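Subject: Structure for your files

Hello,

Here is the structure I said I would pass on. My notes on it follow below.

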Amino acid sequence: MNELLQKIKAIEREQKFRAEHDHLSKYNAGRKRHKKQIAFHKCKKRNRWVFGGNRSGKTECGAAEAVWMARGTHPYRKNKPNIFGWVVSLTTQVQRDVAQKKILHYLRPDWIEDVVMISGRKDNPQTGVIDQIIVKNVFGGTSVIGFKSCDQGRERFQGSSLDFVWFDEEPPQDVYEECLMRVVDRGGDIFGTMTPLKGLTFVYNEIYLNKKNNPQIWYEFMEWADNPYLPKKEITLLERTMDETTMQSRRYGRFAAREGLVYPEFEESVHVIPPFSVPKDWQDTVSIDPGLKNPLSAHWYAVDYDGNVYVVAEHYAAGLDVDSHANALHEISRKIGWKTDGKGRIHALIDAAATQRTLASMKSVSELFYERGILVNPRVNKDVFSGIAQVKAYLNRKNGLPNLYIFKNCTHMIREMKGYFWRNGESPEKHDDHAMDELRYYLMTRPKNVPPQPEESAVKRDKEKRIRALRQRRYHGT
């Protein structure tokens, strides 16, 4: 009887030990993760990034992802046996203090088959530097989580075929490119969790700006407010210690250059929305920034009864003549069911520079468009600083929701919005800004949309006619 009781107590102790150390199950149960972490785990794309501020929860989801893959227990992906992956940190010290610590936190001790150390003791791996952890995979075999540091140089990243690479913080470009080659054979995954403190690096250009050209790229921004476990008092204290540029990176996880983004208020997850069928009475006008050798940018704008503006379609092309641009404008309008006048002509705003005539054609761009059924209005307000302030007001969410939404098919406007920077803090860079110009032209018209009034009945019209007649007789004293 005593022997049976001892066995029962031993089982209970083992169960208690597992429950206390099974942090991955607690994370999976939702106790320690938030919505944006779940979106990262659910994404099936092979090149995923979390751009997060400090304390936003980005490293947590990276470590959990790596352990799920190694164990073969990922809740949202097809699992495989005998996984081989790398965890890449900037230095061995950062590895020990951050990524390695998080991996050990989510790996229950009885899941570990062996630990290979670079320095320190395997019976106390937290205090040393780990080379590899051999993990028991639920399919019956073992997986390997290897640890690498960028200060080892690109050569130390060659040779292996991998199922995943997790970058904890931004790696050098040569290390990133080498790791891309390592996942090719196995069709593996790259995922990164980082605070963008280095400015506009290759990650900005190849990941953040390149999602349109690479369908396997996905990213999400995380900030302090996304982490429900970060006390508001601590957020307030942190805010007081940072200037605006530092805040963009360390709180919001946004890329920041020395000159600064013109529109840091822009958030792709908020301002970019799926397309929908726009009602005719919301449709307003097209705005055009003309270009022949340079790109011509044109967008279709709608405004609802609450004053919210929607950018619903775009034409963005370089090296075409006016005929080709005009044909494209008509074709897009036809496809989206855009309103025209009784003769099938489209109304549009255009840069006033389009009224200038050239010796080559003896006609201005405005006149050429007009002849092709694009009724352009060149009377636009081109004041840059007032226009930027107006765009910022529409992007702003201080009152809860913004007043500007961009359909996700307007990829060039989205790209320009993300890459529009001040030059020396005085004026915006005059580069790749064609959509930004015509967005300002449109918003400076202060677009409004008044709901249509219900048509008066014949009885009401007759009553009002009698009242007006009575008032007129009284006025004339008859």
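Helix α4 passes helix α5 in a right-handed crossing. This is a predicted model, and everything here should be read with that in mind. The two helices, α4 at residues 58-71 and α5 at residues 92-106, pack at an angle of about 55°, and their axes are 9 Å apart. An angle in that range makes α4 and α5 oblique to each other. On the α4 side the contact is formed by Thr59, Glu60, Ala63, Ala64, Ala66 and Val67, which meet Val98, Lys102, Ile103 and Tyr106 of α5. By residue type, this contact divides into 7 nonpolar, 1 polar and 2 charged. Some of the spacing along each helix follows a general rule: an α-helix has 3.6 residues a turn, so residues three or four places apart point the same way.

Next, helix α15, at residues 434-443. Is this helix enclosed by the rest of the structure or not, and how many of its residues are buried? The count is 10 of the 10, so α15 is largely enclosed by the rest of the structure. Charged side chains are on the buried list too, including Asp437, Glu438 and Arg440, along with Tyr441 and Tyr442.

Just ahead of that helix, Asp432 sits in the loop between β17 (427-428) and α15. Asp432 has 29% relative accessibility and therefore counts as partly exposed. Its phi is near 55°, a positive value in a residue other than glycine. Glu169, in the loop between β6 (164-168) and α6 (173-182), also has a positive phi, near 85°. Both are worth noting because most residues other than glycine have a negative phi.

Two further loop residues:

- Lys44 is in the loop between α3 (35-42) and β1 (47-52). At 54% relative accessibility, Lys44 counts as exposed. Beyond its neighbours within four places in sequence, Lys44 is in contact with Tyr76 and Arg77, and its side chain reaches the backbone oxygen of Tyr76 at 3.0 Å. The C-alpha atoms of Lys44 and Trp218 are separated by 9.2 Å, although these residues are 174 residues apart along the chain.
- Glu223 is in the loop between β8 (217-222) and α8 (232-240). Glu223 counts as buried because its relative accessibility is 16%, under the 20% cut-off. Leaving out residues up to four places away in sequence, Glu223 touches Ser56, Arg251 and Tyr252.

Regards

Notes. Residues numbered from 1 in each chain as written. Predicted model: local features only at pLDDT ≥ 70, side-chain atom pairs only at ≥ 80, totals over all residues. Heavy atoms only, no water. Helix = DSSP H or I, 4+ residues; strand = E, 2+ residues; numbered from the N terminus. Buried < 20%, exposed > 50% of the residue type's maximum accessible area, 1.4 Å probe, protein only. Contact = heavy atoms within 4.5 Å. Axes fitted to C-alpha atoms, helices over the stretch in contact; angles between N-to-C directions. Parallel < 35°, antiparallel > 145°, perpendicular 65-115°, else oblique. Left-handed = near helix turned anticlockwise from the far one by under 90°. Nonpolar A, V, L, I, M, F, W, Y, C, P; charged D, E, K, R; others polar. Polar contact = N/O pair within 3.5 Å; in protein donor to acceptor, adjacent residues only side chain to side chain.
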